Amino acid sequence: MKKLWGGRFTKSAEEWVDEFGASISFDQELVLEDIDGSIAHVAMLSETGILTLEEAEKIKAGLLILKEKAEKEELEFSVKLEDIHLNLESQLTELIGPVGGKLHTGRSRNDQVATDMHLYLRKQVQSIISLLEELQGALLEKAEANIETIMPGYTHLQRAQPISFAHHLMAYFWMFERDKARYKENLSRVNVSPLGAGALAGTTFPIDRYKTAELLEFGSIYENSMDAVSDRDFILEFLSTSSILMMHLSRFSEEIILWSSQEFKFIELDDSFSTGSSIMPQKKNPDMAELIRGKTGRVYGNLMGLLTVLKGLPLAYNKDMQEDKEGMFDTVKTVVGSLKIFAGMVQTMKVQTDTMEQATKNDFSNATELADYLSDKGMPFREAHEVVGKLVLHCVQKQCFLADLPLEELQAASTLFEGDIYEVLNPRTAVQRRNSAGGTGFLQVEQAIQKAKKCLEPL
Ligand code: ARG
């Protein structure tokens, strides 16, 4: 097969060398973006008079045929034609004759591939933002149903203070809200047109870069042609934003895995999001959560991979940059899949409210209440901490909990204790009273949920 750039060559590479250099096995993912970019480019070439109307119409008609075929996945690609750009150009010329060769006027594969990547990522980031909102919606729903479900809150994975389960879920809501903001910020740099930068230096043809940008609905154009073809920051931002999102999903996965264990029994995952064991009949495994935790690693890897590819590259385009694609495609697939699974998992999980509440009773997670009670009555908090610490030790020795101590024993530790202390020690009261802004008090959580709902309302 004749190379589209073969003029200068006297000898062709062997097939296995061609194969090594080719990207068609993966960049065919960009087929629709590539065609759309070409349609805009040819429209501009005709408007500026660089091509005649007739030539442009022929090319456009050919591109539309290719687009229809691409949508039906009927196009066949050849590894000999290296990449999606050369494959499409060659098919176009086959379809409409030599005039197809005019499409590439005033354009290079370097600005073409960058354009494809921008178009592709714009679409994907937009759909990731919607999926994030779906997951946030699922969280809101679960939270709303569990405002008064209490559970132990942990630090160091040791029971710390009782909290509302809704408050715990809403912590993730706000993480995802930040992820969304990062993707939106990313979009502002994804939505910039490199088209018309040429190979690196612009072109002698009187092209109109604003026109193609407008046709492709880009918000602006790259100011510098060399930057336009060398920049992959927008992909790095996507990968780093996705890494942070995956880190959030991974932490959440870890909690879901813990909570669904026999040791915790705080939730039960729906059968549709769990798997069994081929040997142990009793098993119900949280595979999906584990897999998301595991897949976080590949997204981090994709970020490190591209950072490393780019770090030593001189301007402008270098073939190394062909390595920007697979990690990006893989990340899109991983993030989209993980978000969909997560929303379903949250929606269908069963909350074991009794076990959760029970877990707040048989421990010392109400010790802070006791210290706060004393300092509320005037004792310096540090001193109150010491008094309560001693009481905890006393309980450990007596093998009981704070609420089991008779009033006389409490009063022996401090005369400030009165009969109302037992209500204060009730974990439910402890949660309810934490009404500082952003705290776990039921009222605060209710307000936070109302506020959160506004984040999901279309602007
Ligand atoms: N397949 C190439 C890539 O993905 C397209 C750009 C090729 N440009 C070039 N001058 N070789 O980066």
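The expected span of a helix is 1.5 Å times one less than its number of residues. The exercises below apply to a predicted model.

**Exercise 1. What span should helix H11 have, and how far apart are its end C-alpha atoms?**

Step 1. Helix H11 covers residues 287–310, which is 24 residues.
Step 2. At 1.5 Å a residue, the expected span is 34 Å.
Step 3. The end C-alpha atoms of H11 are 35 Å apart, which agrees with the expected span.

**Exercise 2. Which residues of H11 are buried, and what covers them?**

Step 1. A residue counts as buried if 20 or more other C-beta atoms lie within 10 Å of its own.
Step 2. In H11 the buried residues are Met288, Ala289, Ile292, Arg293, Lys295, Thr296, Val299, Asn302, Leu303 and Leu306.
Step 3. Their cover includes helix H10 (233–259) and helix H12 (325–348).

**Exercise 3. Where does the ligand lie with respect to the domains?**

Step 1. The protein is divided into domain 1 (6–105), domain 2 (110–153 + 165–197 + 223–358) and domain 3 (359–456).
Step 2. Around the ligand are Ser23, Asp27, Asp83, Arg109, Asn110, Val113, Tyr317, Lys319, Met321 and Gln322.
Step 3. Domain 1 and domain 2 both give residues to this shell, so the ligand lies between them.
Step 4. H6 gives the most to the shell, with 3 residues.
Step 5. By class, the shell has 3 nonpolar, 3 polar and 4 charged residues.

**Exercise 4. How many residues of domain 2 are in contact with domain 3, and which element gives the most to that side of domain 2?**

Step 1. The C-alpha centres of the two domains, domain 2 and domain 3, lie 37 Å apart.
Step 2. In the contact, 20 residues of domain 2 meet 18 residues of domain 3.
Step 3. On the domain 2 side, helix H6 (109–144), strand E1 (150–155), helix H7 (165–190) and helix H13 (353–359) each supply at least two residues.
Step 4. H6 gives the most to this side, with 6 residues.
Step 5. The domain 2 side has 10 nonpolar, 5 polar and 5 charged residues.

**Exercise 5. Is glutamate 73, with its positive phi, buried or exposed?**

Step 1. Glutamate 73 has a positive phi of about 55° although it is not a glycine.
Step 2. Glutamate 73 sits in the loop between helix H4 (53–71) and helix H5 (84–96).
Step 3. A residue is exposed if 12 or fewer other C-beta atoms lie within 10 Å of its own.
Step 4. Glutamate 73 has 9 other C-beta atoms within 10 Å, so it is exposed.

Definitions and conventions:
Residues are numbered from 1 along each chain as its sequence is written. This is a predicted model: local features need pLDDT of at least 70, side-chain atom pairs count only at pLDDT 80 or more; totals for chains, interfaces and linings use all residues. Helices (H or I, at least four residues) and strands (E, at least two) are DSSP runs, numbered from the N terminus. Two residues are in contact if their C-beta atoms, placed from the backbone, lie within 7 Å. Domain bounds come from an automatic or database domain assignment. Ala, Val, Leu, Ile, Met, Phe, Trp, Tyr, Cys and Pro count as nonpolar, Asp, Glu, Lys and Arg as charged, and the others, Gly among them, as polar. A residue is near a molecule or strand if its C-beta atom, placed from the backbone, lies within 6 Å of it.
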